[in-house]
Amino acid sequence: MSQIQYEDFTKLEIHVGTITRTEPFPEARKPAYKLWIDFGETIGVKQSSAQITDLYSQGELVGRQVLAVTNFPPKRIAGFRSEVLVLGVDTENGEVALIRPDREVPPGRRMY
């Protein structure tokens with residue numbers, strides 16, 4: 001694994017957002033949801049596609065806080081504009097577990 005400098009890490013904008021809406025995403029190649037995430041006044045609401053259907057139902061995601069990279073360029077996934085990358089960790093079974101703060105924090109707060 002190559003090392004990076006601290007300045008490289010600071011280029012990533014990772015912020016806390018609250019999922020406000022979900023939809024199924026049957027057009028995606030792999031099972032996924034469409035998410036709308038509120039990052040507060042400064043960033044606003046952004047869309048994301050997330051392959052998290054193994055561990056999460058749509059209903060349990062609404063209101064959940066997540067961490068996401070907010071400064072990647074938008075990406076088109078099966079016609080859907082994904083604007084942020086929601087962060088997760090794979091389990092030993094290959095499912096994606098979301099990364100989130102262990103306490104409720106205001107949307108838009110930056111991870112550092």
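This briefing covers the overall fold and then five residues, one at a time. The model is predicted. The protein holds three helices and nine strands. Its radius of gyration is 14 Å, which agrees with the value near 13 Å for a compact globule of 112 residues.

**Overall fold**

- From the N terminus on, the order of elements is α-β-β-α-β-α-β-β-β-β-β-β.
- Along the principal axes, the C-alpha atoms fill a box of roughly 40 × 35 × 30 Å.
- Of the 112 residues, 34% are buried.
- Take the contacts between residues at least 6 apart in sequence: 57% of these join residues at least 24 apart.

**Surface and charge**

- The exposed area of the protein is about 7,500 Å².
- Carbon and sulfur atoms supply 49% of that area.
- The side chains include 14 positive and 15 negative ones.
- The centres of the positive and negative sets lie 5 Å apart.

**Strand β1: G17 and T18**

- G17 sits in strand β1, which spans residues 14-24.
- G17 counts as buried because its relative accessibility is 0%, and buried means under 20%.
- Beyond its neighbours within four places in sequence, G17 is in contact with I37, D38 and F39, and also with R64, Q65 and V66.
- The C-alpha atoms of G17 and R100 are 9.1 Å apart, although 83 residues separate the two along the chain.
- T18 also belongs to strand β1.
- T18 has a relative accessible area of 15%, so it is buried too.
- With residues up to four places away left out, T18 touches W36, I37, D38, G63, R64, Q65 and P107.
- I37, D38, R64 and Q65 are among the contacts of G17, and these four are also among those of T18.

**Strand β3: S48**

- S48 is part of strand β3, residues 45-50.
- S48 is buried, with 0% relative accessibility.
- A polar atom of the S48 side chain lies 2.8 Å from the backbone oxygen of V84.
- V84 is also one of the contacts of S48 outside four places in sequence.
- The other residues in that set are Y33, K34, L35, I37, F80, S82 and V86.
- I37 therefore appears in the contacts of S48 as well as in those of G17, and buried is the class of both S48 and G17.

**Strand β7: L85**

- L85 lies in strand β7, which covers residues 85-86.
- L85 counts as partly exposed, at 42% relative accessibility.
- The contacts of L85, leaving aside neighbours within four places, are L67, A68, V69 and F72.
- L67 is 18 residues from L85 along the chain, and their C-alpha atoms are separated by 8.5 Å.

**Loop between β5 and β6: A78**

- A78 falls in the loop that joins β5 (75-77) to β6 (80-82).
- What is the sign of phi at A78? Phi is positive, about 50°, and A78 is not a glycine.
- Most residues other than glycine have a negative phi.
- A78 is partly exposed, with a relative accessible area of 45%.

Conventions. Residues are numbered from 1 along each chain as its sequence is written. This is a predicted model: local features need pLDDT of at least 70, side-chain atom pairs count only at pLDDT 80 or more; totals for chains, interfaces and linings use all residues. Side-chain values use heavy atoms; hydrogens and water are left out. Helices (H or I, at least four residues) and strands (E, at least two) are DSSP runs, numbered from the N terminus. Buried means under 20% relative accessible area, exposed over 50%, partly exposed in between (1.4 Å probe, protein chains only). Contact means heavy atoms within 4.5 Å. The radius of gyration is taken over C-alpha atoms; the globule rule is 2.2 Å times the number of residues to the power 0.38. Accessible areas come from the Shrake-Rupley method with a 1.4 Å probe; for residues, only the protein chains shown count as cover. Lys and Arg count as positive and Asp and Glu as negative; His and the chain ends are not counted. The place of a charge is taken as NZ of Lys, CZ of Arg, CG of Asp or CD of Glu. A polar contact is a pair of N or O atoms within 3.5 Å; within protein, one must be able to donate a hydrogen and the other to accept it, and residues adjacent in sequence count only if both atoms are side-chain atoms.
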